[in-house]
Amino acid sequence: MMTTCSTICPSELGHTVKTGNVLNKPGHHHHIDPKAGNTRILWAVVINIMLTVVQIVGGILSGSLALIADAIHNLSDALSLGLAFFARKIAQRPADDAMTFGYGRAEIVAALINYTTLIVLGLFLTYEAVLRLFAPTDVDGWSVVIIAAFALGVDTLTAFLTYALSKSSMNIRAAFLHNVTDALGSVAVIVAGTVIILYDWRLIDPLITLLIAGYILWQSITEIGGSVRILMLGSPPDLDTQAVLAAMRGVSGVGDVHHLHLWQMQEHQSALDAHIVIKEGNWNEADHVKEVVKATLRDRFGLSHITLELERHSDVCDNAQVVGHASAIN
């Protein structure tokens, strides 16, 4: 048997790569310098902590649950951005003896933590809002509007600092979504304060809080699956496993494929390992067959880390599974 490995950095691929059903052109991506990106996130953390203090004080003085809810959410923004900052720093470390795949998944872990805290936050706000529906309190509408308008300005600035980074990082995207929901929350709080000023309708405050909580829960539950899939070593969502198998089996000289594994090493780096059975009479061309298989996987599916074990047709693994290995856990 022969084991062969191919690792290609996406930035080194000068040709067009097909990932699933989508054509990607690696050379056309725009990246922000890592140091500049770290500085942006750090500034976003600082201004969100300052905003949280202002909102909590204002919420207590005005009696607005919606403003306090927005403040708590904004505090989660600051914490999520801080977590994203440190995870990003860790992820930039190179591979070593302890972490041979590198530290890139630190950002995935941070994303999972951020989405989980958003779900907990959404449930807490829902509980508080329901209680307030049955026991409305006085709210100072003008204080609510002024502070929420200030918060909206800060949220907009934070979104500006993190938007470009969120396009290429699940970690930063989770923090960015924190900020977007907070900006929408600020808009909703301004509406609530305005209604209170004009009509003295105090129920608008908990109703707006329920809307904020509902949006937080919807966003978080929708996004959390991606980070869980990566940490569970799931196959890349944009790749069809059966299509990958068919492409490998379609290479001349390949008799069969088994023990196939597809997973995402990091958010933007997919990997494959598999056993390739060389057809009878083609063993002398095994190296060529291997190279054709690797080229097919790179060109059609954008795979960047490929490990292949070659087997003679007369020396095939017993009872081999096509996908994965038989579990050794009882």
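With which residue does Lys-290 form a salt bridge? In this predicted model, the partner of Lys-290 is Glu-291, and the closest N and O atoms of the pair are 3.3 Å apart. The structure holds three salt bridges, and the one between Lys-290 and Glu-291 is described here together with the others.

Glu-291 also forms a salt bridge with Lys-294, with 3.1 Å between the closest N and O atoms. Both Glu-291 and Lys-294 belong to helix α8, which spans residues 286-301. Three residues separate Glu-291 from Lys-294 along the chain, about one turn of the helix. Through shared partners, the salt bridges join Lys-290, Glu-291 and Lys-294 into one network.

The members of this network were also examined for solvent accessibility. Lys-290 has a relative accessible area of 12% and is therefore buried, since the cut-off for burial is under 20%. Lys-294 is likewise classed as buried because its relative accessible area is 7%. Glu-291 has a relative accessibility of 35%, so this residue counts as partly exposed. The carboxylate partner in the network is thus partly exposed, whereas the lysines Lys-290 and Lys-294 are buried.

A further salt bridge links Asp-256 to Arg-249, where the closest N and O atoms lie 3.3 Å apart. Asp-256 counts as partly exposed because its relative accessibility is 32%. Arg-249, at 35% relative accessibility, is also partly exposed.

The surroundings of His-313 were considered separately. His-313 lies in the segment that follows strand β6, which covers residues 305-312. With a relative accessibility of 40%, His-313 counts as partly exposed; this value falls between the limits of 20% for buried and 50% for exposed residues. When neighbours within four places in sequence are left aside, His-313 is in contact with Val-277, Ile-278, Lys-279 and Glu-280. The C-alpha atom of His-313 is separated by 9.5 Å from that of Ile-276, a residue 37 places away along the chain.

Definitions and conventions. Residues numbered from 1 in each chain as written. Predicted model: local features only at pLDDT ≥ 70, side-chain atom pairs only at ≥ 80, totals over all residues. Heavy atoms only, no water. Helix = DSSP H or I, 4+ residues; strand = E, 2+ residues; numbered from the N terminus. Buried < 20%, exposed > 50% of the residue type's maximum accessible area, 1.4 Å probe, protein only. Contact = heavy atoms within 4.5 Å. Salt bridge = Lys/Arg side-chain N within 4 Å of Asp/Glu carboxyl O.
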